[in-house]
Amino acid sequence: MARRNKLESATVNTESVAPASRRGFLKTSAALAGSAALGVLGPGRRVFSGQEPSGVSARGKMYGLIYFDVEDYFSPPETPSHTLPGQLADIMHKHGMRGSFHIMGERARFWERHRMTSVIESIKRHDVSLHYDRGSIHPTTAEEVSELDWFQGVDRVLFRELPGFQALQRIFGKCSGLTQHGGTFAAQIVYAAGKLGKPFFYSPFRLPGRNVAWYCNNLLIGGYQAPFSFDVFYKDTPKFEAQLAKVNPYLDKRAEAFDFTAMFGCHPVRALMDEFPDAINFSNGASPSPKDWVAPTLAKDASVPRILRNFERLIVTLVEHPKVEWTTVEGINNLYGQRPVRVGDRHVLAGAEEVVRNGGPTYTPLLSAGELLYLLARRVIAPAKTYDVPQVMGPTEEPGKNKPGAAVSPAALAHEIVRAVMSSGYLPPRLECGGGSVSLGSAMLQLACHATGRDLPPENKRRLSVDAIPGVPEATENVKRYKKWRIHGQRYRQGPILEHFKRQCWTLKPAFTQQEYDQGVALGRYLNPMFERK
Ligand SMILES: [Zn+2]
């Protein structure tokens, strides 16, 4: 909310966790053969090597969605900011567009309490997801999580946000995800939402050509990345027109290079009022009691009919864009929510080549660095033609530095990794075989060299931390910026947020639509298939 939101989040839908058949997702034909790098994508696609762009374009269209962060629960019931979201919904409905409404639990309960059923009915025709149950009320979910260890943090997110998911389900009959509000981001939040079957909208990652990713075993859906916005401009037609003129060039350019792009419709409260109510009440950790909450004032030049007229012009522009296929958060989850659950040994070997080339950990189009590490270990112990993909998590504690002990065999590394993952579902922070301390990155490089029969690269070519994983340094900078969100108070501890974020980068990989995977890859929607025991 507050700032021109770089930070909204996404959502999930409950249906998405329903087990899906293991078969029937094996589209596309051959094509894999000579594919240089990782041989994952189907015909007509550029093969994604982890470094180069892989824009959409075989389909000729980019997916897009338009979303709204709906946040006012301060203004008296007769204020137009309570009805504007329903009016925006009606305009989109008239033009056959479904919007994605990111709604705070408090906001939804306000409508319910005041029996504003026509607003609810208008919004119901669109996609709805949770914009955190209590938004900026302190402590925010991110503030609380930043004070806790991994497992306590996950529990806290479930405890705090479940009532919000339930409220939206009760009021709108649906809730398709969790959508980032301001700087409220943490790896535990993404993971916990995934456990509830809710994708997370907003991603700190900017992977080449791809705007939906897997992280913490949940889908991250890229948020608004355009250098312009509409919030306060709908009420000022000349300024609105200046913004509107940027839309088609922006979408044209994005469609050339990306699979998916989110457009931000507005914060309805900001289209009408002088300030964000959250900024008035909760900046820098301020925590007034509800009876002292201050409502925002209506902007003098705010005319609802003018705002709606201009909004309709935006919607017409979007609907007419020839290169965008409009969908919603729920739609993106349906399109991208299938993950590889069984891969071939050749996919693991291709990943090993990629690790050697990279000099350290990396993901592939099919496997996160963590999954690849596990499977490289697994194939040392029990090589096979195909393997179940373990939805393994990154370590929860401080990773170890490399401290040489006795020389360690690939088998010793492999046994320790497999044992640790099988017993917990998490990678260990470090490996202790040989009496030393082997970092995960070092173990991965050793196992990749073993798999490919290559020598270890020279020391100066090795990159053993998660920063070797493409996209991680840039995403870390994005997560660092969340500290500057004006709502955060003293309780927000940046250190633990960053540490957990980075450890879980072992779970990062790009997401693809099911048509993009090669036929040799089995896909599924279910969470955490158990590993093979053989
Ligand atoms: Zn927000």
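Here is a conversation between a student and a tutor about a predicted model of a protein.

Student: Let's start with the overview. How many helices and strands does the protein have?

Tutor: Happy to begin there. The model is predicted, and its 534 residues include a buried share of 53%. Among contacts with a separation of 6 or more, 82% are between residues 24 or more positions apart. As for the elements, the protein has 18 helices and 15 strands.

Student: What is the order of the strands in the open sheet of three?

Tutor: Strand S11 (386-388) and strand S15 (522-524) each have a single partner strand, so they stand at the edges and one side of each has no neighbour in the sheet. The pairing is antiparallel, and from one strand to the next the twist averages 25°. The order is therefore S11-S10-S15.

Student: Which residue of S15 is the bridge partner of Arg 342?

Tutor: Look at strand S10 (residues 339-344), which pairs with S15 in the antiparallel sense over three bridges. Arg 342 has its bridge partner in S15, and that partner is Ala 522.

Student: Which helix packs on that sheet?

Tutor: Follow the chain to residues 345-358, where you will find a helix that touches S10 and S11. Its direction makes about 95° with that of S10. The helix is H13.

Student: Are H14 and H15 parallel or oblique to each other?

Tutor: Start with the geometry: the axes of helix H14 (residues 369-381) and helix H15 (residues 410-424) come within 8 Å and cross at roughly 120°. Angles of 65 to 115 degrees count as roughly perpendicular and those over 145 as roughly antiparallel. The crossing angle of roughly 120° lies outside both ranges, so H14 and H15 are oblique.

Student: Is the crossing of H14 and H15 left-handed or right-handed, and which class has twelve residues in their contact?

Tutor: The crossing is left-handed. On the H14 side the contact includes Leu 373, Tyr 374 and Arg 378, and on the H15 side it includes Pro 410, His 415 and Val 421. One residue of the contact is polar and one is charged, while the class with twelve is nonpolar.

Student: At what angle do H1 and H11 pack?

Tutor: First see who meets whom: Leu 84, Gln 87, Leu 88, Ile 91 and Met 92 in H1 meet Val 304, Leu 308, Phe 311, Glu 312 and Ile 315 in H11. By class, that contact has eight nonpolar, one polar and one charged residues. The crossing is right-handed. With their axes 10 Å apart, helix H1 (residues 84-94) and helix H11 (residues 304-320) pack at an angle of about 35°.

Student: How many residues of H12 are buried?

Tutor: Helix H12 spans residues 329-336 and is mostly covered. The buried ones are Val 329, Glu 330, Ile 332, Asn 333, Leu 335 and Tyr 336. Out of its eight residues, the buried number is six.

Student: Why does Lys 235 count as partly exposed?

Tutor: Find Lys 235 in the loop between strand S7 (218-221) and helix H7 (237-244). Beyond its neighbours within four places in sequence, its contacts include Ala 271, Asp 301 and Arg 306. A residue is buried at 20 or more other C-beta atoms within 10 Å and exposed at 12 or fewer. Lys 235 falls in between, because its count is 19.

Student: What separates the C-alpha atoms of Lys 235 and Arg 309?

Tutor: Along the chain, these two residues are 74 residues apart. In space, their C-alpha atoms are separated by 9.4 Å.

Student: Is Arg 115 buried or exposed?

Tutor: Arg 115 sits in the loop between helix H2 (105-113) and helix H3 (117-124). It has a positive phi of about 50° although it is not a glycine. Because 9 other C-beta atoms lie within 10 Å, Arg 115 is exposed.

Student: And is Tyr 202 buried or exposed?

Tutor: Tyr 202 has a positive phi too, about 110°, although it is not a glycine. Its place is the loop between strand S5 (200-201) and strand S6 (212-215). It has 25 C-beta neighbours inside 10 Å, so Tyr 202 counts as buried.

Student: Which residue does a cis peptide bond join to His 138?

Tutor: Look in the loop between strand S3 (127-130) and helix H4 (141-146). The cis bond there has an omega of about -10°, and the residue joined to His 138 is Pro 139.

Note on methods: Residues numbered from 1 in each chain as written. Predicted model: local features only at pLDDT ≥ 70, side-chain atom pairs only at ≥ 80, totals over all residues. Axes fitted to C-alpha atoms, helices over the stretch in contact; angles between N-to-C directions. Helix = DSSP H or I, 4+ residues; strand = E, 2+ residues; numbered from the N terminus. Parallel < 35°, antiparallel > 145°, perpendicular 65-115°, else oblique. Left-handed = near helix turned anticlockwise from the far one by under 90°. Contact = placed C-beta atoms within 7 Å. Nonpolar A, V, L, I, M, F, W, Y, C, P; charged D, E, K, R; others polar. Pairing = 2+ DSSP bridges.
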